[in-house]
Structures are given as structure tokens and as C-alpha cells.
Amino acid sequence: LTSMFVMTDLLCGDLPEAKRVEFTGKLRSQLERIEWLVTSLLKLSKLDAGTVEFRRDRVLVQRVVAAACEPLLILMELKGLKLVLDCPEFQFVCDINWTVEALVNILKNCVEHTPEGGEIRISCEDNPLYAEIVVEDTGRGIDKADLPYIFNRFYKGKNAGDDSIGIGLAMAKSIVDSQGGSIDVRSSARGSRFMLRFFREYVIIPSHVRE
């Protein structure tokens, strides 16, 4: 906001056209970031207040994965990342919109922390206990000291970017947990592995196990 106020003041003055175009572009970029932040905070508030009514529809896992990948395909292409999908066709019960939101946040984190020319792999598994979506990257991994806290709201690990807020992974966990599922992560110097599990309706998982 501070930089936006400064640029707005400068735009009111006598600036060369090239600088006006540059500052206008930067203002738009900052506005988009603020819009994302406000929207994310509103979603988190709704989850905290328990006002979200999650649908329980049977959806194709491939549909969920495709919808989550779509907004990040251009970014992956720009970084030269290879996207590998290994998702057999099966259905599971979830709220597709909120589940896609959670998966997008996981994918975005993986894309941001994977160097150019790396790989993002999404695999899916169906068994009598749960449906699982696994997202893996070939990034630098998560510091061992950070692993217990990365799903905490506003937590920034040692490898977090300067513009990281610490909301995405916290929101993903809230969404999955609210649907009776679980989310976990494993990481090493060769990359990170996020596991999202959606348990069958007849399987009751105690809350301390999901945590």
C-alpha cells in the first residue's frame, strides 16, 4: 500500500510517458496481489467461522486435478517445468470447488519452489479406505526445522520467498480437514511430497490422527 501511494503521487506529477506506463503496470500488479490477499483472508474467515457448507458430490479425480492445474500451466511453461500426471480414472466424494482451491495452493507452492527445468508430478490412488492425491516436486525441499509448522497460518519458512504471506498451505489444510480428510508432507533435498487423503464415508478417523 505504501508503494502504491508513492506511485500514485508520482503519477499526479509531470512524468515521462514510459514512466507512467511502468508505474501503472506496477500498480495493477500490486492491486492484483491485494485482491488475492483479501479474498484469501475472507475464505479463511469463513472456514474459521464454520459457515462454509461443503458439498459431498461424487467427482472424477481427473476433473479435480485438471481444474487445479489449469491456472498454473502458463507459469509452469515459463519456468520450463515438466508436469507429469499419473491419475487413473476413479470417483471420490468431495466439494470440488473447495478441493480445487486446496490443490491449487499446494501446486502453487511446489511451482514456486521448483527451479527452472524441474518437474511437478501428480499421482492419484484409490483404495477401500481413502482416495489420495499426491503432489511432488523436484525443488530444494523444506527445511527440517520448518516441517512441523508449514501448515500454520502466516508461518514463513527459511526457504520462503520475500513476498510469501503464509496463507496458502494453511488454507489447504483447513479445506481438507473440514471435509474429514488429512494432509501431510514429506521433504528432502530432492524435493517435497504433499499427500491429500479423502477418507471413505464409513471410515471414522479420530481428530488426533488427522492432525
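This passage describes the overall fold, the second helix and the nonpolar cores of a predicted model. The secondary structure of the chain comprises 7 helices and 7 strands, which follow one another along the sequence in the pattern α-α-β-α-α-β-β-α-β-β-α-β-β-α. Of the 211 residues, 41% count as buried, and the chain exposes about 12300 Å², of which carbon and sulfur atoms supply 54%. Among contacts between residues at least 6 apart in sequence, 69% join residues at least 24 apart.

Helix α2 covers residues 17–49, and because each residue should add 1.5 Å, its 33 residues are expected to span 48 Å, in agreement with the 48 Å that separates its end C-alpha atoms. The buried residues of this helix are Phe23, Leu27, Ser40, Leu44 and Leu47, and the partners against which the buried residues of α2 pack are α1 (2–11), α5 (96–112) and α6 (168–178). Just after α2, glycine 50 adopts a positive phi of about 70°.

In soluble globular proteins, nonpolar side chains tend to be buried together. The largest nonpolar core of the model holds 46 residues, of which Phe92, Leu103, Ile106, Leu107, Ile133 and Phe194 touch the most other members; α5 gives the most to this core, with 10 residues. Apart from it lies another core, of 6 residues, including Met4, Met7, Leu11 and Phe23, the last of these being one of the buried residues of α2. When neighbours within four places in sequence are set aside, phenylalanine 92 is in contact with Asp57, Arg58, Val59, Val61, Val64, Ala131, Ile133, Phe198 and Arg200.

Notes: Residues are numbered from 1 along each chain as its sequence is written. This is a predicted model: local features need pLDDT of at least 70, side-chain atom pairs count only at pLDDT 80 or more; totals for chains, interfaces and linings use all residues. Side-chain values use heavy atoms; hydrogens and water are left out. Helices (H or I, at least four residues) and strands (E, at least two) are DSSP runs, numbered from the N terminus. The expected span of a helix is 1.5 Å times one less than its number of residues. Buried means under 20% relative accessible area, exposed over 50%, partly exposed in between (1.4 Å probe, protein chains only). Contact means heavy atoms within 4.5 Å. A nonpolar core is a set of buried Ala, Val, Leu, Ile, Met, Phe, Trp, Tyr and Cys residues joined through side-chain atoms within 4.5 Å. Accessible areas come from the Shrake-Rupley method with a 1.4 Å probe; for residues, only the protein chains shown count as cover.
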